[in-house]
Every structure is written in C-alpha cells, then in structure tokens.
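Open the structure in a viewer and keep the sequence panel beside it. The stops below say what to select and what is there.

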Amino acid sequence: METKNFQVPGAGTRQVLLFSGGITAAFLVLLYGSVFKGIPMGVGVLIFIGVLYACMLAAFKSRFLYALRTSLFQTAAVVLLGLTFMLFNNLILLSINGFLIAVLTGAQIRYMLTGQKESLFSVQAVGDAGVVWMGYTFAGMKGAFSEIGQKRKGRSMTGVLIGIGITIPVLAVVVALLMSADAAFSKMIKDALRGVDMADIAGYLIVGAVLFFLAAGLNYSLHVRKPGTVRVERPAVRFSRIAVLLLAFSLDAVLSVFAAFQFAYLFAGKVPEGFTYATYAQNGFWQLVGVAVIVAVLVFLVNRTTASFGEGSRPVRAALVILCALTEVVLVSAFWRMSLYEQAYSFSILRIFTQAFMVATAGVFGVLIAGLVRPGVNVKKGIFAVGMLCYIALNFMNVDAFIARQNIAIGGQAADIVYLTQLSVDALPYYADALPEAKTADPYAYYHMNRGLFSVKQGVEKAEGWQYYNVSREEAKQWIQKYGDIFERAETYITNG
C-alpha cells in the first residue's frame, strides 16, 4: 500500500474564499447555462476541470500535487474526457463522460487523503467520489463557517455575507411595494431592468450561494481529515482447486468444439447444410457476448485465488489460459457476425457500442492471460487501463459521424435518413447532401425527421457564447445555412404542429 504523509495546512479565511469563490465563479460562467438552461456544453467543461485542479493545487499544494503526479493516467483520462465536450455531441457518451469525470476527480481527491492507489483502479473509485462530492461537502459546511467566524477577519467576512443575505430579499420586497404604489417609479425601474431576466439573476444567486457553501465544506473537510487513513482489507474469496479444474476443463472442451466450428464454417465463408450464409452468420452475437462476460467474471475471480493452490496452481493457470484464448475466438466470431449484420442492415449506435464492448472485453482477456502467465501483473490496473482506453477511443471515433458516413456509403440515397436525423449534430455533414431527396410517405417518420432537423438547428443556435464552443457545431453551421430552406421548413412544421 502506497502512502505519503504531509503536514496539514490551516484553511484561512482568504484561502477558503479563493477556493470556494473560484469554483463557484467558474461554474456560473462556464456551466450554469448548460446545466440549468439546456444549452449544449462545449469548451467550458475543459476549462472548469482546469479551474478545479488549479483551486485544489492552490489550497493543498504538495498534497494534491503528489496525488496528481502519482495518478497521471486518471488525470490524462479526465482531460481527454473533458475535451470530448468541445469536439463531439453524442448525448449518451457525453453523459457518461460527465459521470466519469466526477468519479475520477473525486477519486483523486480521496486518494490525496488515503494514499491508497489501488482504489483508483477499481469500482471503489465510485464510492470514493461519492464520499468526496456528497459526504465531505455537506459534512464540512458547518465547520467551515464556524472556523471563519472565530477569526477577526472571518467575523468581518461573515458579517458581510449575512448582510448581503438579508439586504437582497428586504430590498426586493421594498422595491416591489414602491413599484405598486407609484406608476412613475414603477416605469423607471422596469425601463432600467429591460432586457434583464430576473429569473436568471435569482438562479445565479441561489446556485452560487449553494455552490459556495458546498465548496467551503469540501475545503474544510479536506483540511481537517488526516492523510494516510488505512482501510480494512476484506479477505479474498477462496475456491476449491478441484472445482476450478472441473469447471475450466469442461468449458475448454465446449469452447474448443465451438471454435472448431467457427473456423470450419463462419471464418471460411461456408455454411452447414440447410442454412444460408446470411441466416447462419448474422445471428448469435448477443449470446456470444454473454458467454464472454460469464467467462471473464469466472477467470477474474479464480485468478485472485490461484496463489493459494501452491504448486497445484500450474494446471489451473494452464486451463484458464486456454479458456481465455478460446473465448477470444468467441469474441472474434461475435464481432464478425455483427460486422456482417451491419453490412446488411446498416450501422446504429447500439451496434457500434456492442462492438466496442467486444473489443474492450477482448482486451480484458489479454490482461487476464498476462496475469495468469505472469502472476506479478496487476490485473485490476490492466483491466481499468484497457477499459478506459477503449472507452476514450470510442469517444474520439466520433460515433454519430461514423454511422452517418458508413450508412450513406452503404445505402446511398436509399439510406435511412430518418434515423440519421435522430443522431447528434456530429452526423449532419455526412447526410446533409441527401436531405433534398429525402422523402417518406409515413407521417410518423416524417415527423421524426423534421423533429431531428429542428433539434439540430436549435442546438446550434442556442450554443452562443465562447464557453459553449464546439467544433462539430461550428462545422454544422455552414450546412444549416446551405440547406436553410429545409431546416426552416422543419422548424415551421414542428413549431406549428
């Protein structure tokens, strides 16, 4: 277990204000519009990540710097995931990316206290992030402002905050009463506030106050908790060597026969009697993925206990290596079948995600084989790295653009344009030229095609402001302008019912 102790600096009033104020101001400027007004996110996410890291470094200096230096893989993953908000627009992936950014940054902050690097590469990271963002923030609020209130400068600042908190609502009530009492005064106030959205002002004040208090609570909690906390290790699950051998050799036998059939028929382009190649090859991928997942879980659990078998672990390891290799053949078969299915029925988000999962699972089996052949390999770290790299690669593949490009290449004018319009703005450049010829007699399909085009246009128009800059949306503007009549017609159709 890796630990490192540091002196815990005190959290002065100025430091609390800078930390809390910096994070709060960054959120209000960069992310408020996206979170509360539905404006598509952009480069603001990446900048906010930078501000968060900067505030942590300013507040905790060498403690957080050490955590960053010793978790560079997580830092790189966070930056790359943040970059996707500036480049792409697939809502499913961006939602997952936001969750992963919160988990990875939260786990890094927690690691700063515990010194347990292993937790960064396991499901435990989710729990650590929950402790940081939901536990430390709320638990530390009272202590943060109690400590500030005990200091002379803190008492002055507390008085200012309390004064502001009382003054704003009192002034609002008084001004409202005066406006109702005098028409001239009312007109003057309304003229002065013309163009100002009062709901926005109230939202900024409320959200800003809540975030400031939560950030102050997090700052206090991280300062008062002693680094180097040790967690209790749970004993590993044990398996019987005989039971493992029986299971492994049984699965080896079954998968060997299955693999032989794949080489004899699917990979050779042949079919059993009574089948066509299309019906034989274009089915079964879901079931094969299920088999691979079952085997992966079994091998991962058993691999953790093979050391307890002593000299008897060699046949177990050999059987498991063979099992992993055969499962790789199963995954190749599943990927092959899915590819044939896509060539026949076109690409979709679900099919691409499934293939990405197959590739990641194949990588996991590679790590498991390495761990079985060389027991010193850290399997958990390897699986985490493979999974994260495959997921980031899926993001930078630009899924929606890939689907549109491939489907147009396969189907031409016969491609399902209605489906393509349901994708994000990333896909627009690849199907825009097919829009003038896109026709459908189905009123349901016609509605959804126009709904999709209207959503694309609306998303591009709403994202005004440097903090919402996105490469794909900028590129889409020229296509919306080129086929402006089609997009205007879609907007009219949707807004007028």
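In which helix does Ser221 lie? Select residues 198-224, which form helix α10, and Ser221 is within that run. Keep in mind that the model is predicted.

**Stop 1: Ser221**

Colour Ser221 and show its surroundings. Its relative accessibility is 1%, so Ser221 counts as buried, the cut-off for that being under 20%. Now add Tyr136, Ala139 and Gly140: Ser221 is in contact with these three, once neighbours within four places in sequence are left aside.

**Stop 2: the whole chain**

Zoom out and switch to a cartoon view. The protein chain has 22 helices and zero strands. Of its 497 residues, 44% are buried. Take the contacts between residues at least 6 apart in sequence: 76% of them join residues at least 24 apart. With a surface drawn, the protein chain exposes about 25,200 Å², and carbon and sulfur atoms supply 67% of that area.

**Stop 3: the largest nonpolar core**

In soluble globular proteins, nonpolar side chains tend to be buried together. Here, the largest nonpolar core contains 83 residues. Select Phe19, Met56, Phe64, Leu222, Leu428 and Tyr431, the residues with the most contacts inside this core. Then select residues 91-114, helix α6, which gives the most to the core, with eleven residues.

Stay with Phe19 and show what surrounds it. Which residues does Phe19 touch, not counting those up to four places away in sequence? They are Cys55, Met56, Ala59, Phe60, Ala215, Leu218 and Asn219.

Another core lies apart from the largest one. This other core has 32 residues, and Ala292, Val295, Met358 and Val364 are among them.

**Stop 4: cysteines**

Select Cys55, already met as a residue that Phe19 touches. Is Cys55 buried or exposed? At 11% relative accessibility Cys55 counts as buried, because the cut-off is under 20%. Next select Cys324, which counts as buried at 0% relative accessibility. A search for disulfides across the whole structure finds zero.

**Stop 5: a nonpolar patch on the surface**

Finish on the outside, with the surface on display. Which residues make the nonpolar surface patch of about 330 Å²? Select Ile166, Val170, Val174 and Leu178 to see it. To place the patch in the fold, highlight residues 152-181: this is helix α8, where Ile166 is found.

Conventions: Residues numbered from 1 in each chain as written. Predicted model: local features only at pLDDT ≥ 70, side-chain atom pairs only at ≥ 80, totals over all residues. Heavy atoms only, no water. Patch = residues over 30% accessible without salt bridge, like charges linked within 9 Å, V, L, I, M, F, W, Y side chains within 5 Å. Areas by Shrake-Rupley, 256 points an atom, 1.4 Å probe, with all protein chains shown as cover. Salt bridge = Lys/Arg side-chain N within 4 Å of Asp/Glu carboxyl O. Helix = DSSP H or I, 4+ residues; strand = E, 2+ residues; numbered from the N terminus. Buried < 20%, exposed > 50% of the residue type's maximum accessible area, 1.4 Å probe, protein only. Contact = heavy atoms within 4.5 Å. Core = buried A, V, L, I, M, F, W, Y, C linked by side-chain atoms within 4.5 Å. Disulfide = S-S within 2.5 Å.
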